Amino acid sequence: MTACPQCDQPLKSEPPYAGWCPSCDWNVVRAPSTGKTRFARLQTKLASFMTYGRRRRRVVEIGYPLWLVLTPQERVALLAHEMAHSSNGDGRHGLVVGSALHSLGVLRDVTRFDWQEGDGVSRLVAETFLAVLGLMELLLYRSAQRAEYRADELAARAAGTTATISLLDALITRAESVHDFLDASVVATRTDDLWTAIRSYVESLPESERERLRRAARLEELRVDRTHPPTYLRMSRLAALPYEEGRVRAPGGASGTELASPAARVAEAIREDAQSALYR
Ligand SMILES: [Zn+2]
Ligand SMILES: [Zn+2]
């Protein structure tokens, strides 16, 4: 067994996956390789709810690779979570709050520009704006966190806590591992169906790799200040809810086949892109 270069404890490794240290977290978080940025549009973009167009139509956007690696019941949880954001009136998406925050930000920059030492009035104005801006950001942050828990709860009511918890786990393990798979060289040289390949790659992920991805998520989420509360906290909150079964059951049978032919066309375009990127 290989020893950790940082703390000398045994590494966890399951070839071909790179080893990592469960004692000091060495090599748990990995920097993305540069070859992947080319395929940014393929990324397993987390689903998001947004309004767009002049008529502010509501749209739920879900990346196909993410959809692909979820079980039918996890898909129910994902849809319910995103729809909950729309019915919650999530603060970040609100037009009024958004523009108020924007104008305050602009004012802050303007007042700073004119700020002279000893200029009492300008200083007072600037400080007032800064205080209001800070407060609004804090309130928005809090309401975003609340909205997240609320959306999780509604997802659990619809899909059940079991499926919602495994959805959150999928977002930090299965969905993340797709990034590793989507390397230009791999995509360009494979001849089998891209989507089937992604699915079987994700299904064969060893437990040690899933464990590493969970740890990486925890370390990353602590480092980056995000509007979503850390996943492990969301999961433990969900576990305490009384909706184990949920009200909506995913339809059985071949769900998702309606996407098969556009997905095949996208896969073909991706492969051509990857090949021209490689052999240029
Ligand atoms: Zn170590
Ligand atoms: Zn959310």
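These legends describe several close-up views of a predicted model. Local features are given only at pLDDT of at least 70, and side-chain atom pairs only at pLDDT 80 or more, while totals for chains, interfaces and linings use all residues. Residues are numbered from 1 along each chain as its sequence is written, chains are lettered from A and ligands numbered from 1 in the order in which they are written, and side-chain values use heavy atoms, with hydrogens and water left out.

**View 1. The whole protein, with eleven helices and four strands.** Helices (H or I, at least four residues) and strands (E, at least two) are DSSP runs, numbered from the N terminus. Of the 280 residues in the protein, 36% are buried. Buried means under 20% relative accessible area, exposed means over 50%, and partly exposed lies in between, with a 1.4 Å probe and protein chains only. Contact means heavy atoms within 4.5 Å. Among contacts with a separation of 6 or more, 67% are between residues 24 or more positions apart.

**View 2. The hairpin of strands S1 and S2, with a cis peptide bond.** S1 (12-14) and S2 (17-20) are joined by a hairpin through two residues. The two strands pair in the antiparallel sense over two bridges; pairing requires that DSSP finds at least two bridges between the strands. Glu14 stands opposite Tyr17 in S2. Pro16 lies in the loop between the strands, and the peptide bond that joins Pro15 to Pro16 is cis, with omega about 10°. Most peptide bonds are trans.

**View 3. Asp8 and Asp25, two residues with positive phi.** Most residues other than glycine have a negative phi. Asp8, in the segment before S1, has a phi of about 70°. Its relative accessible area is 60%, so Asp8 is exposed. Asp25 is in the loop between S2 and strand S3 (48-52), and its phi is near 65°. Asp25 has a relative accessibility of 26% and therefore counts as partly exposed.

**View 4. Val29 and its contacts far along the chain.** Val29 is placed in the loop between S2 and S3. With a relative accessibility of 37%, Val29 counts as partly exposed. Its C-alpha atom is separated by 5.0 Å from that of Ala216, although the two residues are 187 residues apart along the chain. Apart from neighbours within four places in sequence, Val29 is in contact with Ala216, Leu219 and Glu220.

**View 5. Gln73 of helix H2 and the residues around it.** Gln73 belongs to H2 (residues 72-88). Its relative accessibility is 13%, so Gln73 counts as buried. When residues up to four places away in sequence are not counted, Gln73 touches Ala159, Ala163, Val248, Arg249 and Ala250.

**View 6. Helices H5 and H6 in contact.** Two packed helices are described by the angle between their axes and the distance between the axes. Axes are lines fitted to C-alpha atoms, for helices over the stretch in contact, and angles run from 0 to 180 degrees between N-to-C directions. H5 (residues 161-172) and H6 (residues 174-181) pack at about 20°, with their axes 3 Å apart. The two helices are therefore roughly parallel. Angles under 35 degrees count as roughly parallel, over 145 as roughly antiparallel, 65 to 115 as roughly perpendicular and the rest as oblique. Ser166, Asp169, Ala170, Leu171 and Ile172 of H5 make the contact with Arg174, Ala175 and Glu176 of H6. By class, these are four nonpolar, one polar and three charged residues. Ala, Val, Leu, Ile, Met, Phe, Trp, Tyr, Cys and Pro count as nonpolar, Asp, Glu, Lys and Arg as charged, and the others, Gly among them, as polar.

**View 7. The buried face of H6.** Arg174, Ala175, Ser177, Val178 and Phe181 are the buried residues of H6. Seen down the helix axis, they fall within an arc of 155°, so they line one face of H6. The arc is that of the directions from the helix axis to the C-beta atoms.

**View 8. Helix H10 and its contact with H5.** In H10 (residues 231-239), the buried residues include Thr231, Arg234, Met235 and Leu238. The buried residues of H10 fall within an arc of 100° down its axis, so they line one face of the helix. The axes of H5 and H10 come within 9 Å and cross at roughly 170°, and the pair is therefore roughly antiparallel. From H5, Thr161, Thr164, Ile165, Leu168, Asp169 and Ile172 meet Thr231, Arg234, Met235, Leu238 and Ala239 of H10. This contact has six nonpolar, three polar and two charged residues.
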